[in-house]
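Me: Could you walk me through this model, question by question? I'd like to see how each answer is reached.

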Amino acid sequence: MITVEEVQSFIHDAKKFRDQWLFMADKSWAELKRRQKNSRLWSTSNGSLRRRARYPAWYSINQIRKPLILSRVGIPVGRDTTQEGTDNIGSTAAICKERLAKSLAKSFGFLDVLEACRDDFLATDFSTVRAYYERDTIKQKVKEYLTTQKDETGEVLFLDGAGDVVMSDDISQDDEGFFIEHEQIIEVDDERICLEHVLGRQFLVDPGVKSWARCKRIAFEEFYSEREFIDLFGQAAFSQLPKPQPKDGDDATPKLQNIKVYEYWDLYDKETYWIADLGKTFLTPKGYDEDSDVKEDEKERNGIYDLEKFWPVPPPLIQNAPTDEFWPVCEYFQLVEILEDIHTIFSRMVACTKAIRARLLFDNNVEGLQEALNEATEGDAFGVPNLAQALAGAGGTLSNVVQYIPVEKLVESLGNLYGALDQRLSTLYRLTGTSDLLQGQQADSTARTYGEQQLKEKYALNQLATPQRKMQEFVRDCYELMCEMALKNFKDASLDKYIMPQTL
């Protein structure tokens, strides 16, 4: 039997096991979202010109890769691979599974979930989803009559049908005796299997494992509002939560804004437990069947959903993981030095560009000249009083009273900075496999043969072959997980609704 202390110890160790990857993942997303250390957006207003400018190179690479990794939902194809077209039953079952997969994917935003996984995968080299079962139920209240019995002190006890003592204020009485009302499900309607994207910061795995196949324990970190928590776990569970302490000088006790709950899955015991952060006891969702209430023929179910692999998640999307660790090394961490170099060069380009502007010195003894120069952007002709006399005293030309500050050196520096930026960007795109073909441009004007073009294109796509394959396998695993969960948890009427066998 799992204890609360064991679950809390697992959560602590699993978080520590994930810390380094999470630090790198946050840095990568901060670069994409253009956020500072305090999570504030990088300012781009005129009042913050002295702030460091950042070139969106990492964002550009991600935008190029997105449609190459996933641009549409893969269409499931059911096929009987056990026979050579002679097994009619197997072929029919394959068609039914294909229809089920297509229908389940249409019942929620399947593409949106996959796109969220793709974006997380490109930014942090890790992503996953979880499947869950939903249904609408029709309930009615039924009476359970109680028997009475006196204890040693003579006090009357109420016993239910199982012989357990009932301690409740809801005990009522009618002509047939004492009873208590329960809500009983009389009809199940609109059963659904949905997928939900899981953030890496809210997913915990066995500390110390090197691969998903060796993982025996996982946990999900969820946040609920007060209303959501009570609806899910009940008022009694909410009253037992550790309450936040009031601050010094504050008489009112602060409310729980976001209640953190860990959902723990243990493959050893094939059980699922819920525990609130800093909680002392396990939580039980409303309607969750205890072992004593499960029918005899269902006691061998493999977890809540009776899945073959127990987990409600497919194998996660992972790349760049070292052979001795589970959590990957983010690609951003490998490129951070060159990205910072690009930001430095780009910042100097912005500062140099702002410095290149028409600035001049003039003789303020010439009356009206300053006003004319200030209006230089508004017109081409300016009236200056006594200009002839002023110019005669200054040698006859305007160049003797007005002198422009030279900017040739700044223009030359800006050209050098542009060259340095192009060089760094070329290096970055080469390291990430984002060739000029993937960027939609031709790097040089050299005429190339058809074979050369094919080799160049093949090399560019080969560097994305691994993440593309992983994404394809992930989509396939998502379909497989949804179908298995539906086949093992839906009633026959729901399966008929999704498969429509009458049209075969």
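Reply: Happy to, and a definition helps before we begin: rings of Phe, Tyr and Trp (its six-membered ring) pair if their centres lie within 6.5 Å. Planes under 30 degrees apart count as stacked, over 60 as edge-to-face and the rest as tilted. Keep in mind that this is a predicted model.

Me: How many aromatic pairs does a search of the whole structure find?
Reply: The search covers the whole structure and applies the ring-centre cut-off of 6.5 Å. The number of aromatic pairs found is 25.

Me: Is the pair formed by Y264 and Y273 stacked, edge-to-face or tilted?
Reply: The two ring centres of Y264 and Y273 are 6.4 Å apart, with 35 degrees between the planes. Stacked needs under 30 degrees and edge-to-face needs over 60, so the rest of the range applies. The pair Y264 and Y273 is therefore tilted.

Me: Are Y264 and Y273 buried or exposed?
Reply: Buried means under 20% relative accessible area. Y264 has a relative accessible area of 2%, and Y273 has one of 11%. Both values fall under the cut-off, so Y264 and Y273 are buried.

Me: Which residue has its charged end over the ring of F220?
Reply: F220 belongs to an aromatic cluster that also includes W21, F126 and W327. The charged end over the F220 ring sits 4.3 Å from its centre. The residue that supplies this charge is R130.

Me: Where is W21 found, and is W21 buried or exposed?
Reply: W21 is found in helix α1. Its contacts, leaving out residues up to four places away in sequence, include T124, F126, G200 and W327. With a relative accessible area of 5%, under the 20% limit, W21 in α1 is buried.

Me: What separation do the C-alpha atoms of W21 and D125 have?
Reply: Along the chain, W21 and D125 are 104 residues apart. In space, their C-alpha atoms are separated by 9.6 Å.

Me: How are α1 and α2 oriented: roughly parallel or roughly perpendicular?
Reply: The axes of α1 (residues 4-33) and α2 (residues 57-69) come within 8 Å and cross at roughly 90 degrees. That crossing makes the two helices roughly perpendicular. In the contact, S28, E31 and L32 of α1 meet W58, Y59 and N62 of α2. The orientation of α1 to α2 is thus roughly perpendicular.

Me: Which residues of α13 make the contact with α3?
Reply: Helix α3 (residues 88-106) packs against helix α13 (residues 492-499) at an angle of about 85 degrees, with the axes 8 Å apart. That makes α3 roughly perpendicular to α13. From α3 the contact uses C96, R99, L100, S103 and L104. From α13 it uses L495, Y498 and I499.

Me: Where is D277 found, and what relative accessible area does D277 have?
Reply: D277 is found in the loop between β9 (271-276) and β10 (317-318). D277 touches P242, K260 and Y262, not counting residues up to four places away in sequence. D277 is partly exposed, with a relative accessible area of 34%.

Me: What share of the protein's residues count as buried?
Reply: The protein has 13 helices and twelve strands. Its accessible surface comes to about 31,300 Å², of which 49% belongs to carbon and sulfur atoms. Of the 504 residues, the share that count as buried is 35%.

Conventions
Residues are numbered from 1 along each chain as its sequence is written. This is a predicted model: local features need pLDDT of at least 70, side-chain atom pairs count only at pLDDT 80 or more; totals for chains, interfaces and linings use all residues. Side-chain values use heavy atoms; hydrogens and water are left out. Buried means under 20% relative accessible area, exposed over 50%, partly exposed in between (1.4 Å probe, protein chains only). A charge sits over a ring if NZ of Lys or CZ of Arg is within 6 Å of the ring centre and within 35 degrees of the ring normal. Helices (H or I, at least four residues) and strands (E, at least two) are DSSP runs, numbered from the N terminus. Accessible areas come from the Shrake-Rupley method with a 1.4 Å probe; for residues, only the protein chains shown count as cover. Axes are lines fitted to C-alpha atoms, for helices over the stretch in contact, and angles run from 0 to 180 degrees between N-to-C directions. Angles under 35 degrees count as roughly parallel, over 145 as roughly antiparallel, 65 to 115 as roughly perpendicular and the rest as oblique. Contact means heavy atoms within 4.5 Å.
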